[in-house]
Structures are given as structure tokens and as C-alpha cells.
Amino acid sequence: MLVQRTFLGGRRWPRPWRIRVDTMAGGTSNLTMTNYMRSGSEDYPIITNWGDGTQTVSKDIVSHTYASDGDYVISHYSLDNFDTAYLENGSHKNIVEVIDPFPRLPSVGDGYSRTFYEDNYLQAIPSNLFDNNADFITNLGFTFYGIKGGPLRIPSGLFKSLSKLTLITSIFSESVLDYIPDGLFEGMTTIVGADRTFENAKASYSGNRIFAGCTGLNSIDHCFNNAKIPVFGDDTFNGCTGVTRDNTNTFRGITSTKNIGARTFANCINIRQGGYNFSGTDSNIPIMELESIGDYTWQNCTSFTYIGKFLHNVPKFKTLPPHTFSGCTKLNSFGYIFNDAPALGAMDLYLDSCPSFYEPPFLGVPDMTPTTQRVIHVPSGCTSTSEYPNKYRVVADR
């Protein structure tokens, strides 16, 4: 129901779209703010109530200077129910909250990428933010990019109404987040590209099933590259059967991560190769904090043939789960894996194919002892030899 108000000689205008600003959000006083909307028509200007008793009417983006510091609610009204309204994208000073979902904005159409680009202090948005425009939105690339001062709280279900969403490239890159909620993109089969989605992002943790069941997803390159996230939940990409490109660098350089859940890439049946996952860079500063990963990381990745620099430069990593590669029946080529892991202890790793180590594995790993035996179990038809018997043994006993 519309709340009718009168202004400008009795003309009627509907309820507003509101944002909240804090003039001290950056730690120092910033009294001058801009509104967030402009109009595409001289006949239907945007009416802005600045929250301090001041109002302006303009087709264009306008600014206002407050008399004193504080929190203010800026209300945007439109004389044509926002039919000709446009958003001013990104770099708005001191916005801390979006109070209302976007009104329906036909003139904006699909133009929601970069909407909050480098809006440094944004902290809160409604869970139905995009719902009124769900039939328009296909691309949210860079929408929440570079929010450095947050943290931004991502509501559960924020994207669930977006049945046409295709691209989320860098949507949260370089941003400080509260946490990544369970199932944020789960089951959204229209998404095809998630490259750099959380690259260089910071969050207290990443929940379960973030991309699980995104069967249309085909590229996840650098998705969490260099992210500062201490804990990842289970099933991050489980069932992403459309991923056909190499998932290189998907989790590279996650230096703050201590624990990663189970089945990260399970049932991604078309992934062919993977490199630099759960690994540090070759000259890693700071060092990787990773201590453990859950089992069945690449379970049933039946097209998987090669993996390189997996768990490379992980000095605190303690144990490798036995079924990391369970069901990877074509995986036969390994390069520079399990290197620079001086804390790696005992291991029983089960493979469903015959391995070839084209570059030396287990470099920088201590020799085995009676209590830290490392055994790689392979099918009975494989050659059961090891180039480094003091580091690990290959046994054809399956």
C-alpha cells in the first residue's frame, strides 16, 4: 500500500526509498552528502528529504551540507513512482545502511552492477533489496566491490529472487564482510560466471553450500583468491556440474584460513584440472595458516586428470584426509603437491587411478617415522613404486 503525501502545491507522491548516512562513519567529520538518485525527465524530478528538515527538488544528483554531525535518513521521492529514476552508482560518502528495497526502476533496467562500488562504510542492506527488479537483473558484477570499512552484513536469501542472474564477477571483491551466509548462491542455476567473486575479501567465516548446486556455473577462476577468511564450511562448490574450465587459483593464497570443510568440489564431474588450490604463493608473506581440510575434496570429479601445487607452501598443515580424491578415476598426473609442509604427519591416501608424479611431491616434508607412515593406496594394476620411499610409500593394494 502506498503512503500518499503532498508536496509542491498538492501533487501526490508515493512512499520513499531511504538510505541512512553517518557523517562520522569514516572517523572524521564529513558534513556534505549527495543523494543517490537522479531522474531521466525534467517533468519528474527527484524530491530529496535530507533528514534534517531540508528538502530539495532536482532532476540531477544534488548535495547537501548538514549543520552538525550525526546519523540522518535521506528519503528519495519520485513524482512518477520512480519510472524515470536512475541510480548514481558507487563512491557515495558515508552511507551506512540501505533501509528499503529498491523501488521498481524501469529506467535502470539491468544496471545494478557497481551500484555500491567503493561505498566504504556500507553495513546493512535489506534481504529483499533487488526483489522489485528481479525480472531485469542479469549482471551484478562489482556491485559491492571495495567496501573497505564495513563490515557489510550480507542477508541470507539476498539473491534468491533473481531468476535471471548470470554474472557475479567480483561482486564482493576487496570488501570487508561480516560473514558469508549459508547457501548464498545455492541452487541458482542461471549463474555462469563466478570469477573473483570474493577475491581479496575479508570475512569472519564462509558458511556451507555457498555455490552448491549451481549447475550452470562454468568458471570459478580466482573465486576466493587471497581472501582473508579463517574458516570455510562444507560443500562450497558441491554439485557444480557445469564447471568445465580449470579451477586454477580458486583458493590460492588464503593465508588467514585455518580450516576448510568437506566436499569442496565434490561432484563437479566436468572439472578437468586444478592448480594452486589451498596453497600459498611461492614467496608467501605472511605464511599460510592452513591446518586441515575436510575429506572428499574432489569426490567423484570423474573428468579430473591433473592437479598441480595442491597444498603447496602450507607449513602448518597436519594431515591429509584419506578420500580427498575419491572417485577421481582419471586423475593420474600430479605436480608439486604436498610440498613445503613440515607439519604433515601420518597419511593413508586412497586413489582410484594410477598416479604419475611429474614434478617431485612432498618436498620439505620430514621423513617418515614408525608413527608417521605415509601410504598412498592405488589399484592393484598400478606399479607400486615410490621415488621418495623415505617420504611416502605407494602400495598397490586396492
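Guide: Two strands count as paired when DSSP finds at least two bridges between them. Keep that in mind as we look around this predicted model.

Visitor: What makes strand S16 and strand S17 a pair?

Guide: S16 (residues 306-308) and S17 (residues 333-335) share 3 bridges, and the cut-off is at least two, so they count as paired. The sense is parallel. To find one of the bridges by eye, start at Ile-307 and look across to its partner in S17, Phe-334.

Visitor: Where do these strands sit in their sheet, and what is its order?

Guide: The order is S14-S16-S17-S19, an open sheet of 4 strands with parallel pairing.

Visitor: Why are S14 and S19 called edge strands?

Guide: Strand S14 (273-275) and strand S19 (356-357) have a single partner strand each, so one side of each lacks a neighbour in the sheet.

Visitor: How do you know that S18 and S20 are paired?

Guide: Same test: S18 and strand S20 (residues 374-378) have 4 bridges in the parallel sense, and at least two are needed, so the pair qualifies. Met-347 of S18 stands opposite Arg-374 in S20. Strand S18 (residues 347-350) also has two faces: Met-347 and Leu-349 lie on the covered one, Asp-348 and Tyr-350 on the uncovered one.

Visitor: Why does Lys-309 count as buried or exposed?

Guide: Its relative accessibility is 17%, and buried means under 20%, so Lys-309 falls on the buried side. Lys-309 is in the loop between S16 and S17.

Visitor: And what makes its phi worth a look?

Guide: Lys-309 has a positive phi of about 50 degrees, though it isn't a glycine. Most residues other than glycine have a negative phi.

Visitor: Which class does Ser-91 get, and why?

Guide: Ser-91 has 48% relative accessibility; partly exposed runs between 20% and 50%, so that's its class. Ser-91 sits in the loop between strand S10 (85-87) and S11, and its phi is positive too, near 60 degrees.

Visitor: How do you know that the bond between Gly-150 and Pro-151 is cis or trans?

Guide: Look at omega: it is about -5 degrees, and the bond is cis. Most peptide bonds are trans. Pro-151 lies in the loop between strand S11 (95-98) and strand S12 (231-232).

Visitor: What about Asn-35: buried or exposed?

Guide: Buried. The relative accessible area of Asn-35 is 1%, and the limit is under 20%, so the call is plain. Asn-35 lies in the loop between S4 and strand S5 (37-39). Beyond its neighbours within four places in sequence, Asn-35 is in contact with several residues, among them Ile-46, Trp-50, Asp-60 and His-92.

Visitor: What makes its approach to Met-37 a polar contact?

Guide: The side chain of Asn-35 reaches the backbone oxygen of Met-37 at 3.4 Å. The cut-off is within 3.5 Å, so the distance fits.

Visitor: How many cavities are there, and what makes one a cavity rather than a pocket?

Guide: There is 1 cavity of 30 Å³ or more. In a cavity the probe fits but cannot get out, whereas a pocket is open. The largest cavity has a volume of about 40 Å³. Its lining includes Ile-19, Val-21, Met-33 and His-92, and strand S3 (17-22) and strand S4 (32-34) are the elements that give two or more residues to it.

Visitor: And the second largest pocket: which classes line it?

Guide: That lining has 6 nonpolar, 4 polar and 1 charged residues. Glu-387 is one of the lining residues, and Glu counts as charged, so Glu-387 belongs to the charged class. The pocket's volume is about 150 Å³.

Notes. Residues are numbered from 1 along each chain as its sequence is written. This is a predicted model: local features need pLDDT of at least 70, side-chain atom pairs count only at pLDDT 80 or more; totals for chains, interfaces and linings use all residues. Side-chain values use heavy atoms; hydrogens and water are left out. Buried means under 20% relative accessible area, exposed over 50%, partly exposed in between (1.4 Å probe, protein chains only). On a 1 Å grid over the protein atoms alone, a cavity is a set of points where a 1.4 Å probe fits but cannot get out, and a pocket is an open set with protein on both sides within 12 Å along at least five of seven lines; lining residues have an atom within 4 Å of a point. Grid points are joined across faces, edges and corners, and a volume is the space filled by probe spheres set on the points. A polar contact is a pair of N or O atoms within 3.5 Å; within protein, one must be able to donate a hydrogen and the other to accept it, and residues adjacent in sequence count only if both atoms are side-chain atoms. Contact means heavy atoms within 4.5 Å.
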